[in-house]
Each structure stands twice: as structure tokens, then as C-alpha cells.
Amino acid sequence: MIKAAILGTGRCVPKKILTNADLEKMVDTSDEWITTRTGIKERRIVSEGETWSLLATEASRQALEMAQVAPQDLDIIIAATFTSDYRLPAGACLVQQALKAYKATAFDLAGACTGFIYGLSIAEKFIKDNPKLKILVIGAEVLSAVTNWEDRSTCVLFGDGAGAAVVGADEEKGILSVYTGSDPTVWDLLCVPAGGSLYPPFKEGVPKEEYFVKMKGNEVFKYAVRYMEEAARTVLEKAGLEPKDIDWFIPHQANIRIINMVAKRLGIPLEKVIVNIEKYGNTSAATIPIALDEAVREGKIKRGDLILLDAFGGGFTYGAIVLKW
Ligand code: ACO
């Protein structure tokens, strides 16, 4: 049966490394607190000349090269992000121009940290409808632009980066099942309050910190564990699989304690969990495609492996995908 398969992956992160020691000089924090509470040691931050579209385009070029698909043959470009270069146009259109992928339809998708999973799930539907299509799914963020560098409870968590995947039809490998959901009832636990149409930029009386990510971390933590476990169990059941059948678990990289807790609840041993949070922190929609690309290029993931992708983010949004490599 025809499946939507990932034909190639790519990633690009900024050159500049911001370590926990650097953050100790900026806010009242310590390497010990950040490491034990989050697992993060350093993150990448864009500097002069590095932009969302440059990172996203480089990740996309690598994915296209691995997939052996020419940019001109792309039919759809989906970019999962809430921090692309401009409010308008969509970041996907900027990547389209950089790649000269003029045949494609390009649009952005606002699914926060679950964005890449949402993007893959949309690509899967398109491929099932028309197996000839070639679709580029990007997860990329410049979170440093919406980070309050004076708020120690959030600024230690986030980083910038981009990952991408080219999706097309295959009879052997590909997506076995998809499960996505949203819970908007407590959306204000994680949001950027100002800068949208309700409180536009420069509106009088809006404090500066409202333009940055605000999060009640300890409450978000509980939802993240709950929904990531639920999404993983549901998607595995849909595929007729059990956690023990999985070769590689690639969870959203928000906090090592969330990752370990979800893996433990699912009964997936830590040797099967792909973790790179220590190097990049939380890059939102980019964490899963970056981790996937690293694992593929390091040779960890092999043909025929069963992979579980699992994410949770602002909205709240959540979702999981099981695929055969
Ligand atoms: N350095 C030192 N102390 C700190 C820091 C810091 N960087 N940040 C907070 N603290 C303090 C707090 O002020 C608090 O002090 P108090 O006890 O004197 O009041 C204490 O540390 C504990 O704070 P908590 O918020 O309870 O710490 P917690 O163990 O929950 O860890 C964290 C915080 C890391 C944010 C965690 O809750 C977390 O990872 N949450 C989930 C994040 C997530 O998954 N987000 C979703 C995706 S993100 C997206 O969609 C963009």
C-alpha cells in the first residue's frame, strides 16, 4: 500500500553558541539549576546576518539533496513556525523564493512545538490523495526574537534552529499512523500575549515583556507529560503496535525530565530515545526534524526501523506519528 514517506532530511543551526555559563552573566541562574531542571547545557542563537529564512533554506536544501528531489519539482512547501522573518509574507514563501521552487504552493502553519508533526500529517493526506506529489515540510524557529532575556524562567530554555524533511510516496517505508489533537482550555499558560492584532506592536500601555513568550512552566510540564503519553499510546494503538516494538523514540525536546518521564511511562528504554536537548535547548517546531536528521546522518536510524515522533506545545497542541524508515 502506498505510504507517505520521508525521502530526505536536513538541518541548520546558527553558529553562535550560548552556554549556561553565558546565561549566568545575564540573569540570576546557574549551570547547575539549568542542567538538573532541563538537561540543557547550551543553545544556538542567531547573530547578525543569520535569519529564519537562511536557516530554513539550508535545512531544506540538505533534505532535497538527500531525497534527490529538485526544488523545481516541489509541489507544496509547509513551514511550521511562529517566528519567521516577517508577519507577512509566510516564511514558506521566502524559502520558496530562495530555492526557486516556483511550482510549489507555500504556506506557514502555526502549531507551536507540535508544528512539524502537524505539517507531516498534512503532507501525508496530500500524498494519499496524489502519490505523485513532493512536499517539503520545515520546522524552524528563531525563538531568540521572542525570548525575554531578563526572564530567567524562560530565557534559559529556548534556542534557534531549523530542520526539514521531503515527503513523497513509497510502497515499503513511510507513515503508519498519525494522531493529533489540541486542548485550548488553558492556552494562556504558554503564549506571546502582545504583537498580534489584539495588542498590535507599539500599542500604548502594553508593557514590553508582553511581546515575549510567557509560560507557567511547572503547570505546562504536567500537561506536556500527559498529552505526550496519550498521543504516543493512541498512535501506536492505531498502528497495531506496542511501545516495545519501537526502535527509536524521538520526542519534542523541551525538557529532559519530560522526555525521561514520558519514556518511562511508555516503557521505552532510554537507549532508544533520541536526545540532543543538551546542545540546542527547545527550538520548538525544529526539535524533532533536527533530532531526526542527526540520528539519520549519524547512522543510528537504519532502513526498516520503526520510529515514534511525539510532540506537545503552545495552544496546547499535541501529536504523534509512527513511521517505518
Ligand atoms: N535559574 C534559577 N532558578 C530558577 C530559574 C532559573 N533559570 N527559573 C526559575 N527558577 C526558580 C523559580 O523562581 C522557583 O523559585 P521559588 O521556588 O523560590 O519560587 C524555582 O526555580 C522552581 O521553579 P519552577 O517553575 O517550579 O521549576 P520547574 O522545576 O517546574 O522547572 C521548567 C521549570 C524548566 C520551565 C519546567 O517547568 C519545564 O520545562 N516546563 C515545561 C516546558 C514545556 O514543555 N513547554 C512546552 C513547549 S514550549 C513551546 O511551545 C514554545
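**Exercise 1. Decide whether Thr 57 is buried or exposed, and say where Thr 57 is placed.**

Solution. Start with the accessibility: Thr 57 has 6% relative accessibility and therefore counts as buried, where buried means under 20% relative accessible area, exposed means over 50%, and partly exposed lies in between, with a 1.4 Å probe and protein chains only. Next, find the element: Thr 57 belongs to helix α3, residues 52–67, and helices (H or I, at least four residues) and strands (E, at least two) are DSSP runs, numbered from the N terminus. Then list the contacts, a contact being heavy atoms within 4.5 Å: apart from neighbours within four places in sequence, Thr 57 touches Val 95, Ala 98 and Leu 99.

Before going on, note that this is a predicted model, in which local features need pLDDT of at least 70 and side-chain atom pairs count only at pLDDT 80 or more, while totals for chains, interfaces and linings use all residues. Residues are numbered from 1 along each chain as its sequence is written, and side-chain values use heavy atoms, with hydrogens and water left out.

**Exercise 2. Describe the overall build of the protein chain, and explain why its radius of gyration agrees with that of a compact globule.**

Solution. First, take the elements: the protein chain contains 10 helices and 13 strands. Second, compare the radius of gyration, which is taken over C-alpha atoms, with the globule rule of 2.2 Å times the number of residues to the power 0.38; a compact globule of 325 residues would have a value near 20 Å, and because the protein chain has 19 Å, the two agree. Third, look at the extent, since the C-alpha trace spans about 55 × 45 × 35 Å along its principal axes. Finally, consider burial and contacts: 58% of the 325 residues are buried, and among contacts with a separation of 6 or more, 77% are between residues 24 or more positions apart.

**Exercise 3. Find which residues have the most contacts inside the largest nonpolar core, and where this core lies.**

Solution. A nonpolar core is a set of buried Ala, Val, Leu, Ile, Met, Phe, Trp, Tyr and Cys residues joined through side-chain atoms within 4.5 Å. The largest one has 47 residues, and Phe 249, Ile 258, Leu 308 and Phe 312 have the most contacts inside it. Two or more residues come from each of α7 (217–238), α8 (256–266), β12 (306–313) and β13 (317–324), with α7 giving the most, 10 residues. This core lies between domain 1 (3–172) and domain 2 (177–324), because both give residues to it; the domain bounds come from an automatic or database domain assignment. Leu 308 can serve as an example, for its contacts beyond four places in sequence include Ala 232, Trp 248, Phe 249 and Ile 321. A second, separate core of 33 residues includes Ile 117, Leu 120, Ile 135 and Val 296.

**Exercise 4. State how far apart the C-alpha centres of domain 1 and domain 2 lie, and what area is buried between the domains.**

Solution. The C-alpha centres of domain 1 and domain 2 lie 14 Å apart, and the contact takes 50 residues from domain 1 and 49 residues from domain 2. Buried area is the accessible area (1.4 Å probe) that two parts lose on being put together, summed over both; here it is about 3800 Å², of which carbon and sulfur atoms give 62%. On the side of domain 1, Arg 11, Cys 113 and Ile 117 supply 18% of the area buried against domain 2, more than any other three residues.

**Exercise 5. Explain why helix α10 is largely enclosed by the rest of the structure.**

Solution. Helix α10 covers residues 287–297, and 10 of its 11 residues are buried, so the helix is largely enclosed by the rest of the structure. Among the buried residues are Ile 288, Leu 292, Asp 293 and Glu 294. After α10 comes Gly 299, with a positive phi near 80°.

**Exercise 6. Locate the cis peptide bonds at Pro 89 and Phe 316, and the positive phi values of Gln 68 and Phe 202.**

Solution. As background, most residues other than glycine have a negative phi, and most peptide bonds are trans. The bond from Leu 88 to Pro 89 is cis, with omega near 5°, and Pro 89 sits in the loop between β4 (76–80) and α4 (91–99). Gly 315 and Phe 316 are also joined by a cis peptide bond, with omega about -20°, and Phe 316 lies in the loop between β12 and β13. Turning to phi, Gln 68 has a positive value near 55°, is found in the loop between α3 and β4, and counts as exposed at 75% relative accessibility. Phe 202 has a positive phi of about 70°, and at 81% relative accessibility Phe 202 counts as exposed.
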